Amino acid sequence: MVAWSFLLGASVGSFLNVVVYRLPAGKSLLRPGSRCPHCERPIRPWHNVPILGWLLLRGRCYDCDAPISARYLLVELITAIWFALIVGIGFYLQTEPASSHFGILWAFVANLVVLGCGVLCGLLIFMDREKVPRSLVVLTLVGALGVGILFAVLRTS
Ligand SMILES: [Zn+2]
């Protein structure tokens with residue numbers, strides 16, 4: 001589960017890079033797919049694999065050779081480690097056989113995971129633009145509350 005959380009975190013980190021780049025610019029988070037900011041050519045799916053894609057390309061665009069910031073790699077790594085760490089702590093704390101308290105434990109785990117993502121995005125956008133969009137704060141709080149309730153229901157039932 002911790003290894004899965006790492007992989008999930010890396011994928012979410014990849015999405016957070018998109019959020020940091022597009023949300024403050026008011027662009028859609030879902031379309032179009034990832035493009036090289038320099039030559040605008042779409043990034044091939046196998047080069048878009050979190051962490052590995054950047055390493056495979058050695059931080060350069062496959063088409064135009066423009067450098068791709070190591071920040072993309074770092075954000076994916078940090079998010080992956082954050083997911084694995086928090087889920088790992090969740091499993092560490094879950095020592096006794098299933099009880100109703102686990103609903104609260106895993107709701108809290110899910111809360112922390114989402115809040116961490118929001119804070120990371122907020123920091124990065126702040127570094128770029130010296131302000132944090134209100135939509136990010138709303139998205140983070142709604143997301144954290146949403147997953148919290150979802151996990152509380154899933155683990156208690
Ligand atoms: Zn390029």
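**Helix packing and a few odd loop residues**

Leu105 counts as partly exposed because it has 18 C-beta neighbours inside 10 Å (20 or more other C-beta atoms within 10 Å would make a residue buried, 12 or fewer exposed, and anything in between is partly exposed, with C-beta atoms placed from the backbone). This is a predicted model, in which local features need pLDDT of at least 70 and side-chain atom pairs count only at pLDDT 80 or more, while totals for chains, interfaces and linings use all residues. Residues are numbered from 1 along each chain as its sequence is written.

Leu105 sits in helix H4 (helices are DSSP runs of H or I with at least four residues, numbered from the N terminus). Neighbours within four places in sequence aside, Leu105 is in contact with Gly90, Leu93 and Gln94, contact being C-beta atoms, placed from the backbone, within 7 Å. Phe151 is 46 residues away from Leu105 in sequence, yet their C-alpha atoms are 9.0 Å apart.

Helix H3 spans residues 70-93, and its 24 residues reach 34 Å from first C-alpha to last, close to the expected 34 Å (1.5 Å times one less than the number of residues). Its buried residues include Tyr72, Trp82, Phe83, Ile86 and Val87. The axes of H1 (residues 2-22) and H3 come within 7 Å and cross at roughly 140°, with axes fitted to C-alpha atoms over the stretch in contact and angles running from 0 to 180 degrees between N-to-C directions. Among the residues that meet here are Phe6, Leu8 and Leu16 in H1 and Tyr72, Trp82 and Phe83 in H3. The residues of this contact divide into 14 nonpolar, seven polar and one charged (Ala, Val, Leu, Ile, Met, Phe, Trp, Tyr, Cys and Pro count as nonpolar, Asp, Glu, Lys and Arg as charged, and the others, Gly among them, as polar).

The largest nonpolar core (buried Ala, Val, Leu, Ile, Met, Phe, Trp, Tyr and Cys residues joined through C-beta atoms within 7 Å) has 30 residues, and Leu16, Phe83, Ile86, Val109, Ala110 and Val113 have the most contacts inside it. Two or more residues come from each of H1, H3, H4 (101-129) and H5 (134-156), and H4 gives the most, with 11. Val113 is in contact with Phe83 and Ile86, again leaving aside neighbours within four places in sequence.

The loop between H1 and H2 (52-57) holds Pro32, and the peptide bond from Arg31 to Pro32 is cis, with omega near -10°. Glu40, in that loop too, has a positive phi near 65° and is exposed, with 10 other C-beta atoms within 10 Å.

Methods. Two residues are in contact if their C-beta atoms, placed from the backbone, lie within 7 Å.
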